[in-house]
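Reader: Hi! I'm new to looking at protein models. Could you walk me through this one?

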Amino acid sequence: MRDVLAPDSTRWRAFQAVFAQVAGAGGYGEIMVPLLEDLDVFKRVGEATDVVTKEMYDFYDKGDPPRHIALRPEQTASVCRAFVQNRPQTPWKTFYAGPNFRYERPQRGRYRQFDQVGIEVLGADDPYLDAEVIAIGWRFFEALGLRQVTLLLNSLGEPADRAAYVTALQTYFAANVDELSDESKLTLTKNPLRVLDSKRREDSAVVAGAPTIGDFYSADAAAHFTAVQEGLRALDIPFTLEPKLVRGLDYYRRTTFEYQGGTLNSAQNALGGGGRYDGLVEALGGPETAGVGFALGLDRTLLACDDEGVFDAPADAADVFVVDTTGGMQALIITQQLQREGLRAERAYENRSIKSQMKAADRSGAAIAVIIGSDELEAGTATCKVMADGTQSVVARDDLSAAIRKQLS
Ligand code: AMP
């Protein structure tokens with residue numbers, strides 16, 4: 001887990017603000033779910049996934065009897081739990097931003113506390129909605145300035161199609177079990193679909209020869225998938241069909257997709273993804289409800305931004321720095337006044353020498369220094385110095401912010 005200091009934290013907030021803007025333009029309202037839930041909420045949705053079985057931070061609270069609680073490893077389950085409890089009108093379109101917790105092996109782009117942004121739509125089963133959801137993620141990447149994102153698309157079919165496929169996979173992998181890695185042998189006993197996710201080299205030949213889901217689609221599932229693709233084509237969003245894309249959590253049905261960063265190494269190149277999860281709300285005790293959404297990782301998306309040289313950390317410079325040689329109180333008053341008027345105004349502390357205050361002004365990156373000495377104090381004026389070229393002018397205190405704004409523009 002990390003501390004995030006400025007200017008990185010400023011960049012994180014800007015990232016969330018861009019996402020809020022893109023999702024907000026589509027009529028998605030923000031949901032803030034608790035950082036923790038009853039452990040069962042997560043267990044019901046991901047019984048066979050590493051995220052839920054191995055990586056959760058769980059503990060007992062101080063209740064009587066104590067309740068088994070977990071820090072959220074993701075937010076879709078919480079959003080569905082919130083839907084069941086709050087019963088908002090459908091279609092319910094919502095977005096979220098914030099941290100999740102997974103006990104993973106930390107490395108570049110993978111942390112134990114990490115931020116995601118995401119959207120979910122509950123209560124609509126329209127293939128063009130899948131296209132809309134995918135498009136919102138796509139437009140978010142565009143808004144950040146990313147150009148090398150690719151979209152992988154698949155459908156897992158209806159639950160019955162998926163079940164038939166899983167049986168076929170089981171048979172296939174069982175016949176080739178000796179060629180699988182030890183990790184995949186273990187995965188096979190829990191969830192054969194997840195073997196397809198393996199990025200281990202030993203598994204690649206067996207995985208490449210595995211049956212593909214496309215042969216198992218029912219007519220409905222095939223028609224839904226075709227319509228999603230037509231929607232994406234109509235929006236000029238390029239995609240690659242990837243029949244082995246099954247994604248981590250268990251509850252996906254029909255559409256699944258992943259956004260990959262073109263510049264990141266292959267183990268870390270998933271910026272995020274999502275899909276349809278009709279059935280999840282029911283699993284949490286609600287009515288039968290269609291659902292679709294995605295989650296994007298902030299860290300990897302920002303790494304992709306770094307690689308492409310876009311969405312830099314915002315400049316962290318002051319507009320104006322107030323230098324006060326009369327003891328400091330004037331700088332206190334003037335910075336407060338300028339801040340009220342919307343300028344980023346800073347000052348030095350501890351009544352330092354003018355030389356040391358000018359140095360601090362330089363370091364602050366301020367375009368303008370306002371200097372108050374005893375002459376200015378007496379005359380009710382201030383000296384404005386343009387840091388770039390050293391030109392100075394004397395202005396009345398009352399006109400200070402107008403004069404500064406003029407210089408800044
Ligand atoms: P998931 O919820 O597992 O489908 O992950 C969606 C996205 O969240 C991934 O593509 C990553 O960008 C990000 N992500 C997942 N786990 C982590 C982690 N431990 N640290 C940083 N980002 C993560």
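Author: Happy to! A term to start with: a salt bridge here is a side-chain nitrogen of Lys or Arg within 4 Å of a carboxyl oxygen of Asp or Glu. Please keep in mind that this is a predicted model.

Reader: Okay, so how many salt bridges does the count come to by this rule?

Author: The count comes to 17 salt bridges.

Reader: Cool. Which residue does Arg11 form a salt bridge with?

Author: Its partner is Asp306, and the closest N and O atoms of the two are 2.8 Å apart. Arg11 sits in helix α1 and Asp306 in helix α12 (residues 298-308), so the pair ties together parts that are 295 residues apart in sequence.

Reader: Is Arg11 buried or exposed?

Author: Arg11 is buried, because its relative accessible area is 8% and the cut-off for buried is under 20%. Asp306, on the other hand, is partly exposed at 43%.

Reader: What about Asp125, which residue does that one pair with?

Author: Asp125 forms a salt bridge with Arg254, with the closest N and O atoms 3.2 Å apart. Asp125 lies in the loop between β6 (113-122) and α5, while Arg254 is in strand β9 (residues 253-261), so this bridge ties together parts 129 residues apart in sequence. Asp125 is partly exposed, with 43% relative accessibility, whereas Arg254 is buried at 9%.

Reader: And which residues are linked with those two in a network?

Author: Asp130, Glu158, Arg276 and Asp278 are linked with Asp125 and Arg254 in a network of salt bridges.

Reader: Got one more pair for me?

Author: Sure! Glu346 forms a salt bridge with Arg344, and their closest N and O atoms are 3.1 Å apart. Glu346 is partly exposed at 27% relative accessible area, and Arg344 is partly exposed at 35%.

Reader: New topic: helices! At what angle do α1 and α5 pack?

Author: Helix α1 (residues 8-25) and helix α5 (residues 127-144) pack at about 135°, and their axes are 10 Å apart. The two are therefore oblique to each other. The crossing of α1 past α5 is right-handed.

Reader: Which residues meet there?

Author: From α1 there are Phe15, Val18, Phe19 and Val22, and they meet Ile136, Arg139, Phe140, Ala143 and Leu144 of α5. Eight residues of this contact are nonpolar, none is polar and one is charged.

Reader: Which one is charged?

Author: That would be Arg139 of α5, since Arg counts as charged.

Terms used
Residues numbered from 1 in each chain as written. Predicted model: local features only at pLDDT ≥ 70, side-chain atom pairs only at ≥ 80, totals over all residues. Heavy atoms only, no water. Axes fitted to C-alpha atoms, helices over the stretch in contact; angles between N-to-C directions. Helix = DSSP H or I, 4+ residues; strand = E, 2+ residues; numbered from the N terminus. Parallel < 35°, antiparallel > 145°, perpendicular 65-115°, else oblique. Left-handed = near helix turned anticlockwise from the far one by under 90°. Contact = heavy atoms within 4.5 Å. Buried < 20%, exposed > 50% of the residue type's maximum accessible area, 1.4 Å probe, protein only.
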